[in-house]
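Student: Please take one part of this structure and look at it closely. I would like a single connected account.

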Amino acid sequence: MRRIVSGWLLLTCLGLAGPVALGQAQLGLEVESRDIYAGEPFTVALRVENFSSCDPPVFPDLPGCTVRSLGQQESSQTYIVNGRMTSSTRRTYRFELTAREAGELVIPPVTVSVDGRALQTPPVRVDVQPGDAGELFFVEITSDHRRIYVGQRVRLVLTIWVQPVRVQGRDISSNYMRGQLRVINLGPFRGEVESATERRRGSDGSTQTYYTYKTWAEFVADRPGRLSFDDIELGIQYPTELSRDIFGQLYPTAYRNLRASPRVGEIEVLPLPAAGRPANFTGAVGTFDLVVRASPMAVRVGEPIQLTIEIRGDGPLETLPGPNLAADPLLNNGFRVPAEELAGEVVGSRKIFTQMIRPERPDLTEIPSLEYPYFDPDRGLYLVAVSEPIPISVTPAPTLDTGALAERIGVPRDAPTADLHVLDGLRGNETREDVLLRSVSRVSLEALAWATCTPPAAFLLVWAGSLYMRTGGVTRRRRQRALRSARRRLDQARQRPPREAGGAIAAALAGYLGERFNQPVGRMIGPAALDFLAERTGAPELRERWREVLERSERATFGAAAEGDTDALVDEAQACLTALERERI
Amino acid sequence: MTPRVLTAALVLAGVAAGLAFPLTARAAGIPPERQREILRRGLDAFDEAVRVAQQRAAEAEELYREARNAFAALRDAGVRNAALEYNLGNTHFRLGDLGRAILHYRRAERLEPSNERVRENLEYARRQVEPLIEPAGQARLWRDLAFVHYRTSMHGRAWAAGGLTILGWLLLIVRLRWPARSLAVAGVIGVLLGLSLAGSVAWQTREEGQWPPAVVVGEPVVLRLGWGEGSDPALKQPLGPGVELWVLHERGGWVEVRLPNNQTGWLPAVAVERV
């Protein structure tokens, strides 16, 4: 195994043309690989430094070696030393070389025009070792068919063969090797990849284990000859040395860049035979059925009939051409058929074409059978799919000239309506003045916005108002809390000394009356409250109880009540409140 | 009914009346008597053209032109209704101008989609168009599903939207006073239907502003892949007068259009007229 140095190894000179001095243009050629094998690409870099202008180089032709440009890179650097600024520009042109044979390869001097001067690299010698890439990695394309026809759809299988790398006496895994593959161009092969392990006899006769990766494509050959896929190319970074990282995962410390184009099996593409080819053959290859539908089936002369032509079969539907209706003599005898090619639509395993035809005569009774000739590759014969004739009804129609209209005027009123339709399919004018002069303005989005936005605002206003009313406003709220407030105050009075409790009870009762009847509390103190009750209630017992409670409260205020009287007085006041609540006032 | 509910109802009725004004009348530019005179002249010319068509075709054509000019004068004066557009379509059809016939039938259909005569003549005229372009399947399905949007006039939908919204909210307001479940359900349904129709109107306005429908008029014209006569044709067959399409955008005297089958391309701006 050969180690690949992590950086690029300078194999050969920086062949400097002319004296090297700061600020003077320089040209060099590097071979950026150490081990070079026949059939494996390696990279050569042509570097130009300290230049103002530089023409693109033309790499010389090398016998026995293919050269491919990989493009160019450019970088600039600026140095400031002791206050002096120096800039340099470097441009690198890379080329990929692949030597076909082992031996010494000489890269001749490369001339580049730099800053108006022709600079030249010295020749470089490269030792090309015999290649074994074809044993390690190769690609094959196979098919079940040895001979196919132009336009025939076949299934091709592309197999990638990779010889597994052995690590410590064991083959490295198939998944790892698959991860090293590089797809450069897979052409039409887009199918799922299936991995397997197979054994195969090598060129030296020994049996070798390979990992295989298979994919497939439906392929339609478009020209006769040997099948080839020169554009397909795959690569692999084939590890030559492996190490394990701290997690135990393998990683390559050296590898070879291998590339392969597919070897295509013996598959010959034949042209379609000229013998027996129908005149209206449009290029369909496969086996097909034809179903035709028409709509409408009752028309007048000149009116369109839509033909829906459905083709089912095993041929390549995407590229399947439609039938050449314009060349169908039966159809063209009585129908006007557009000359343009049909554009079909693939629906599942069918391709559907539509075409409008127009009957030219009223004596037509059917759309004749349509033919769809195709070439059957299995039988090697031209066959014709034929549709069933479709019965139709064609009635005469006048031409749309103004002269025909006069006939309509002459038609008697009692003539059947159908006759009028036959004469002219256009319905008459609107003659009502009010309808014709009525004006409809354009729809105003602003008005519509008003109509849709104002009602919810009105609803919100009404809803808010009703909500306010339901909660009763200040008066109702005051009335609602009158009893609760009075009872709370009476409960608080129980905790007070008898002198204070009497005043608190009288105040609670006055407060109750004031809030219940939405009156100033000051008007409900003492006898005024009794007068008010006399006015508003018809229950003398209640007034009497109220008066009694007020008197006892007054007595308690002046110290004429015992300690236990407060509770009794509060209870009586509560009873008065309850009684008054029951009254409908 | 409480005074508040009554007030709200009056407010909503006022809104309805305010809405009705911009949705209905707009004064035409010429006096009504003069309008009637022009209309009679157009109708008479059309009838006379039909009468003399067989014997004196040139004279009939002249009379059709006179009828067309009369109808067009009314339209230019601000009279806008489906019947007038329909008559204009008929007149253009008689003059052999299939493109403008379809254009006016489309305008009539837009104003009154339920008008049977408009629909029949439009269908009849469409059958003469070459090539016949079938709408894409998806577009057809969508039109069937959203039939209210496509088969009712924008004007009618705007009216219904306003009316249903106001009625729905009115029911909801009444429901505040008499909390009946049926009122709430009817009100909510009314509001939702009204808002849906309002959305439909807004959508159509936006859609027509963005991609106005148009019709090919005049001579058959080649659909091209780019703007300018130097661009490659997009279709082998030229688009004849009457082909219906949508204008996507305009550039340098050319318009990019989309056909009913979703094919796009460019046409000279003078070859199409917006519906």
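Tutor: Here is a close look at one helix, followed by the interface it belongs to and some backbone details.

This is a predicted model: local features need pLDDT of at least 70, side-chain atom pairs count only at pLDDT 80 or more, and totals for chains, interfaces and linings use all residues. Residues are numbered from 1 along each chain as its sequence is written, while chains are lettered from A and ligands numbered from 1 in the order in which they are written.

Start with helix 6 of chain B, residues 116-126. Helices (H or I, at least four residues) and strands (E, at least two) are DSSP runs, numbered from the N terminus. The buried residues of helix 6 of chain B are B:V118, B:N121, B:L122 and B:A125. Buried means 20 or more other C-beta atoms within 10 Å of the residue's own; exposed means 12 or fewer; partly exposed lies in between; C-beta atoms are placed from the backbone. Seen down the axis of helix 6 of chain B, the buried residues fall within an arc of 105°, so they line one face. That arc is taken over the directions from the helix axis to the C-beta atoms. An α-helix has 3.6 residues a turn, so residues three or four places apart point the same way.

What do the buried residues of helix 6 of chain B pack against? They pack against helix 4 (82-94) and helix 5 (98-111) of chain B. Contact here means C-beta atoms, placed from the backbone, within 7 Å. The face turned away from the buried side carries the exposed residues B:E116 and B:E123.

Now the interface. The contact takes 65 residues from chain B and 42 residues from chain A. Helix 6 is one of the elements giving two or more residues to the chain B side; helix 4 and helix 9 (154-177) are also among them. Helix 9 of chain B gives the most, with 11 residues. The chain B side divides into 38 nonpolar, 15 polar and 12 charged residues. Nonpolar covers Ala, Val, Leu, Ile, Met, Phe, Trp, Tyr, Cys and Pro; charged covers Asp, Glu, Lys and Arg; the others, Gly among them, are polar.

Next, the loop after the helix. B:P131 is found between helix 6 and helix 7 (137-145) of chain B. The peptide bond from B:E130 to B:P131 is cis, with omega near -5°. Chain A also has a cis peptide bond, joining A:S295 and A:P296, with omega about -10°.

Conventions: Contact = placed C-beta atoms within 7 Å.
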